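Work through the exercises below with the sequence and the model open beside you, and try each task before reading its solution.

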Amino acid sequence: MSMSLEIRSPKYERAAITIPAEAANLQKRFNGTVCSSKGDEYVIRNNIIDLLEDDIPEMSWAQSSNHWKVTAALYEDIWRKRSLSILSGEDFPIQKEQELLMSWLNPQSHHKYLDIGCSTALYGRLIKKEVTDCEVVSLDFSHQMLEEARIKSEVEGVDQYLLRADARHLPFFSATFDGLAMGGTLNELTDPARVLYEARRVIKKDGAFFMMHLIKADAWYVRLLQESAEFGGITFWSTEESNELFEQTGFRVADQFSKGIVCFTKLIPA
């Protein structure tokens, strides 16, 4: 059974909100309202804690497509499980990515982990399945993706907190999490530096951050496709450029591995 979760009010930085443990039990529907000591209220519907409600943050076209129900329904089974092989140009089953996640993040019992821009909570579900007595929060700003994450978690018997929030303003107090994970979200962010600064704020000083993102291609014809994708709000950096971004936002590269345009990075607080 999960413990209750304390988060920070999106409106009042010093005010806490306690999320009941029942919200993390995805085998049973939970609905309700939570509030901070300052009185700001937020709704929980079908176990999804909604800190945004109708406050839709600025987003790119690539990000807005995540709000489509069809995107959420097809994302993991049709695209995500095959994407690394397609993008790397060689056979790269998702199991290899999952093994790398578990090796670098090394989740432990009774520790807390955050999946940022979780989509269908692929990472969050895996962490919780591997270490059942750790605490996992999966965060995204797409209600449709979180609904799909809830369905998949229910089917797999995974309990975790599902939080709808803006990663540019992570609703947590400093040094809350022992580990962070982000898979494929960095390239879609409109303000990646701000999200990384927030990630640095909420991770503990001895924590690890598992990152998967896409880098600039060497082949000219792939670079042309990437330049076209940038019009939709997707940004590609070289490995050197992305590492510079990580360092500027308070992280140090502890390990790194690339396959084609797919880059995996283990970050630790500098």
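**Exercise 1. Find how far apart Arg150 and Glu147 lie in helix H5, and decide whether each is buried or exposed.**

Solution. Begin with the positions: Arg150 and Glu147 are 3 residues apart in helix H5, so about one helical turn separates them; helices here are DSSP runs of H or I with at least four residues, strands are runs of E with at least two, and both are numbered from the N terminus. Next, look at the side chains, where Arg150 forms a salt bridge with Glu147 and the closest N and O atoms are 3.3 Å apart; a salt bridge is a side-chain nitrogen of Lys or Arg within 4 Å of a carboxyl oxygen of Asp or Glu. Finally, turn to accessibility, for which buried means under 20% relative accessible area, exposed over 50%, and partly exposed in between, with a 1.4 Å probe and protein chains only. Arg150 has 4% relative accessibility and counts as buried, and Glu147, with a relative accessible area of 18%, is buried too.

A word on the basis of these values: the model is predicted, with local features needing pLDDT of at least 70 and side-chain atom pairs counting only at pLDDT 80 or more, while totals for chains, interfaces and linings use all residues. Residues are numbered from 1 along each chain as its sequence is written, and side-chain values use heavy atoms, with hydrogens and water left out.

**Exercise 2. Describe the protein chain as a whole: how many helices and strands are there, and what percentage of the residues is buried?**

Solution. Counting the secondary structure of the protein chain gives 8 helices and 12 strands. Of the 270 residues in the protein chain, 53% are buried. For the contacts, meaning heavy atoms within 4.5 Å, take those between residues at least 6 apart in sequence: 65% of them join residues at least 24 apart.

**Exercise 3. Work out how helix H4 is covered, and which residues of helix H3 meet it.**

Solution. Start with helix H4, residues 122-130, which is mostly covered, since 7 of its 9 residues are buried. The buried residues are Leu122, Tyr123, Gly124, Arg125, Leu126, Ile127 and Lys128. Then bring in helix H3, residues 94-105, which packs against H4 at an angle of about 65°, with the axes 11 Å apart; axes are lines fitted to C-alpha atoms, for helices over the stretch in contact, and angles run from 0 to 180 degrees between N-to-C directions. On the H3 side the residues in contact are Ile94, Glu97, Gln98, Leu101, Met102 and Leu105, and they meet Leu122, Tyr123, Leu126, Ile127 and Glu130 in H4. Sorted by class, this contact of H3 with H4 has 8 nonpolar, 1 polar and 2 charged residues, where Ala, Val, Leu, Ile, Met, Phe, Trp, Tyr, Cys and Pro count as nonpolar, Asp, Glu, Lys and Arg as charged, and the others, Gly among them, as polar.

**Exercise 4. Trace the salt bridge of Lys129, and say which parts it ties together.**

Solution. In the whole structure, a search finds 9 salt bridges. One of them joins the side chains of Lys129 and Glu156, at 3.2 Å from N to O. Lys129 lies in helix H4 and Glu156 in helix H5 (residues 143-156), so the pair ties together parts that are 27 residues apart in sequence. Both partners are partly exposed, Lys129 at 41% relative accessibility and Glu156 with a relative accessible area of 30%.

Now move to helix H6, residues 192-202, where Arg201 and Glu198 are 3 residues apart and are therefore separated by about one helical turn. Their salt bridge has its closest N and O atoms 3.0 Å apart, and Glu198 is buried, with a relative accessible area of 13%. Returning to Lys129, salt bridges that share partners join Arg125, Lys129 and Glu156 into one network.

**Exercise 5. Place Asp50 in the chain, and list its contacts beyond its neighbours within four places in sequence.**

Solution. Asp50 lies in strand E5, residues 48-50, and is buried, with a relative accessible area of 6%. Leaving aside neighbours within four places in sequence, Asp50 is in contact with Tyr42, Val43, Arg45, His143 and Arg164. For His143, which is 93 residues from Asp50 along the chain, the C-alpha atoms of the two are separated by 8.4 Å.
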